[in-house]
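Hi everyone, thanks for making time today. I'd like to walk you through a structure that may be new to you, so let's bring it up on the screen.

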Amino acid sequence: MKKSVILGAFAVAGLSAGMAAAGTLDDVKARGQLNCGVTTGVPGFAEPDANGVWQGFDVAVCRAVAAAVLSDSNAVQFVPTTGKTRFTALASGEIDMLARNTTWTFSRDVDLKFEFTGVNYYDGQGFMIPKELGVSSAKDLDGATVCIQTGTTTELNLADFFRSNNISYEPVPIETGAEAVQQYTAGACDVYTTDASALAAQRANFEDPDAHVIMPEIISKEPLGPLVRHGDNEWGDIVRWTLNALITAEELGVTSANLAELAGGTNNPEINRLLGTEGDLGGMLGLDGDWAERAIGVAGNYGEIFATNIGEETPIGLARGLNAQYTDGGLIYSPPFR
Amino acid sequence: MTTITDTPAPASFRLSSLINDTRYRSYTFQFIALVAIIATMAFIGGNLVRNLAAAGLNISYDFLGAQAGYDINQRPISYESTDTHGRAAIVGLLNTLIVAFLGCITATVIGVIAGVLRLSPNWLVRKLMSIYVEMFRNVPVLIWILIIFSIMINTTPAPRAFKGEDATASMWFFDSVAVTNRGVFLPKPIYESGSLIVGIVFLLSIVGIFAFRRYARKQLYDHGKLIPTFWPSVALFFVPAILAQLVLGNPITLEYPELKGFNFKGGMTVRGSLIALWFALAIYTGAFIAENVRAGIQAIPKGQTEAAGALGLRPGRIMNLVVLPQALRVIIPPLISQYLNITKNSSLAIAVGYMDLTGTLGGITLLQTGRAIEAVLLLMLFYLTISLSISFVMNIYNNSIKLKER
């Protein structure tokens, strides 16, 4: 008894000792490496490729930040986290930022003391069901067995959805996406629910993706974005404006193809401010003038990153939809670089 | 020479004798160790409090009263997503107790049978049992849980296979039992008015069985008459209750599971996650118990068996009446720790989606409220209480069968 209390206290103390507040930028520079929390593997969003190099939509954000801060997009230590471990890893300082399909919610922002630095994907919770069951609406799911990835906002949305529609269901909580897919394909659950983007991503890996439909109902708002710890606003600013730089680059037509040319100076003052030929926005962040150029140089602007990792040309095949620029009727919008 | 070993006069205590005198030295060191432990714990505790304060966190159990917001599939007591986190933790606790209880009983049965068979004179049986023990003992229990669960969901049919004209699966026992990859659906008894009488008749007949056996034993000891007990007991068990059921016009009926929509509705459900976890824990721990049983049996001197054989007892009776009762004294203490292992290993339940204490309080509640330290401390308290209770009860049993020394 006494021994376990001591060990428990050690664990707790060790966990909290890492909570040094300020100075993440200095820590990262001193270390020469960015510790970035990602998923344990969602195709298109974050997954190691055949050579063991992490690739994906969320991974691109980590690499852009590393390029902006350390001038090296490969100076990233990717830390795979599960739905359960991600917040502990961030709070304890094990990772400097988390880019892992994490929904921005009030309680995570306020109560868990994290700072969401923007939204890189507007998502919503959807349902996937085998075509042969012939169900067209989520409201016809009375009595269905539903596989849920546990430790997410998903199970709360699900409970709310079935309660408000007054229909019953049988929840099957599952730890990881891979296990959920295994149960779903074996027919141990009728429906699989998680963020619609992840459903599309996992369906792409099925033997017969066409045999499964994603239902039209989206039952929640899931703004996914990178987050950092509360209390280090300088570091939060760097992550926020790196993401905004990628978004603004698409809006202004800065691509990986014309980046070098535009960085020489243009007639458009906003492009000049973004790429550091006018003003000193980089200095205000505690970085140099070329920070945004390096960030965009890794994999191009937001639109290019979207297209190479999860766009309609890829097996994931997600349309831009809500994630188009505001000029194209989407929600992707960056405050001005001024 | 003898004067040297005489103890010095008691008045000779000096400060240096705290180190130099064997009478005081052990106290000195124990005192130093105690101070060091207290200082270390105070430092760790203070560090924790300081860091929590610096991070703006506080220790608070208010979240237990807040609305949980998530659903649990297996609910021994009524629970809705609008109930509190505290109630969700209780549901989890009960689920832990259910699987631990079932696991302990089954593991004991498997373990005793396998342990006895390991000493069988039959070569094949002996070797099969040692293969069982070695295989299950030497692979982590999490792997067994996952293997058994995957085999179960992939080999049994999904409920939709029971559907339609060309159903590929069918129910067993006159359409009353359905085995699916989501669980086993069984008929459920429905109690209507008059069931109480049937229940009382059934209880009385059980009392009757004991009374009859006692009477039979008395006849044997007093008059040397051997009265058959097995078939009369079976008859007593079934006949009165069935008669009462018929006379009162079937007050107890069965509700059969039926395929409606996506799933079987009605009847009782034993979920696949419970079966897989229960079976995996039982068969894994059974292998350890088998070894305990074997050790216990081998600790009984061979002379006991030979003496019983000389009295004309058959091998089965030697085992049941002579060897096992004595072997229990050796078996029970390690058995207690196996029961504790089952309870603690049941926290792997989330691997198969079984919502135990770790899944509710230590899982979803922890994540939704972010109260990691509070939830984990509470979790430790719950498991500690369960384990200490098991150990307390088993120690009482152990004392009751211990060799009484007079």
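Let's start with one side chain: Phe57(A) is buried, with a relative accessible area of 2%. Please keep in mind that this is a predicted model.

What does Phe57(A) pair with? Its partner is Phe45(A), and the two rings sit edge-to-face, 5.9 Å centre to centre with 80° between the planes. Phe45(A) is buried as well, at a relative accessible area of 1%. The two residues are 12 apart along the chain: Phe45(A) sits in the loop between β1 (34-38) and β2 (47-48) of chain A, while Phe57(A) belongs to helix α3 (residues 57-70) of chain A.

This pair also has company. Ring pairs join Phe45(A) and Phe57(A) to Tyr121(A), Tyr302(A) and Phe306(A) in a cluster. Have a look at Phe306(A) in particular: Arg320(A) lies over the face of that ring, at 5.0 Å from its centre.

Arg320(A) has a second contact, a salt bridge to Glu250(A), at 3.1 Å from N to O. That contact links distant parts of the chain, since Glu250(A) is in helix α9 (residues 233-252) of chain A and Arg320(A) is in the segment after α14 (302-309) of chain A, 70 residues apart. Arg320(A) counts as partly exposed, at 22% relative accessibility.

While we are on charges, here is some background. Side chains of opposite charge can pair when their charged atoms come close. How many salt bridges does a search of the whole structure find? The count is 16 over all chains.

Another one in chain A joins Arg31(A) and Asp96(A), at 2.8 Å from N to O. Arg31(A) is in helix α2 (residues 24-31) and Asp96(A) is in the loop between α4 (86-91) and β5 (97-98) of chain A, so this salt bridge ties together parts that are 65 residues apart in sequence. Is each partner buried or partly exposed? Arg31(A) is partly exposed, with 36% relative accessibility, whereas Asp96(A) is buried at 2%.

Now over to chain B. An unreviewed UniProt entry lists several transmembrane regions for this chain, including residues 135-153 and 196-216. In the model, residues 196-216 of chain B are 100% helix, and their end C-alpha atoms are 30 Å apart. For residues 135-153 of chain B, the span is 84% helix and 0% strand, with the end C-alpha atoms 22 Å apart.

Which residues make up the nonpolar patch on the surface? They are Phe13(B), Leu15(B), Leu18(B), Ile19(B), Phe29(B) and Ile32(B), with about 600 Å² of accessible area together. Helices α1 (17-20) and α2 (22-54) of chain B each supply at least two residues of the patch. Leu18(B), found in helix α1, is partly exposed, with a relative accessible area of 31%.

Chain B has salt bridges too. Asp21(B) forms one with Arg23(B), the closest N and O atoms being 2.7 Å apart. Here Asp21(B) counts as buried, at 16% relative accessibility, while Arg23(B) is partly exposed at 36%. Elsewhere, salt bridges that share partners join Arg118(B), Glu134(B), Arg137(B), Glu291(B) and Arg294(B) into one network.

That's my tour, and thanks for listening!

Note on methods. Residues numbered from 1 in each chain as written. Chains lettered and ligands numbered in written order. Heavy atoms only, no water. UniProt positions renumbered as here; feature names shortened; annotations may be inferred. Helix = DSSP H or I, 4+ residues; strand = E, 2+ residues; numbered from the N terminus. Patch = residues over 30% accessible without salt bridge, like charges linked within 9 Å, V, L, I, M, F, W, Y side chains within 5 Å. Areas by Shrake-Rupley, 256 points an atom, 1.4 Å probe, with all protein chains shown as cover. Salt bridge = Lys/Arg side-chain N within 4 Å of Asp/Glu carboxyl O. Buried < 20%, exposed > 50% of the residue type's maximum accessible area, 1.4 Å probe, protein only. Phe/Tyr/Trp six-rings, centres within 6.5 Å; stacked < 30°, edge-to-face > 60°. Lys NZ or Arg CZ within 6 Å of the ring centre and 35° of its normal.
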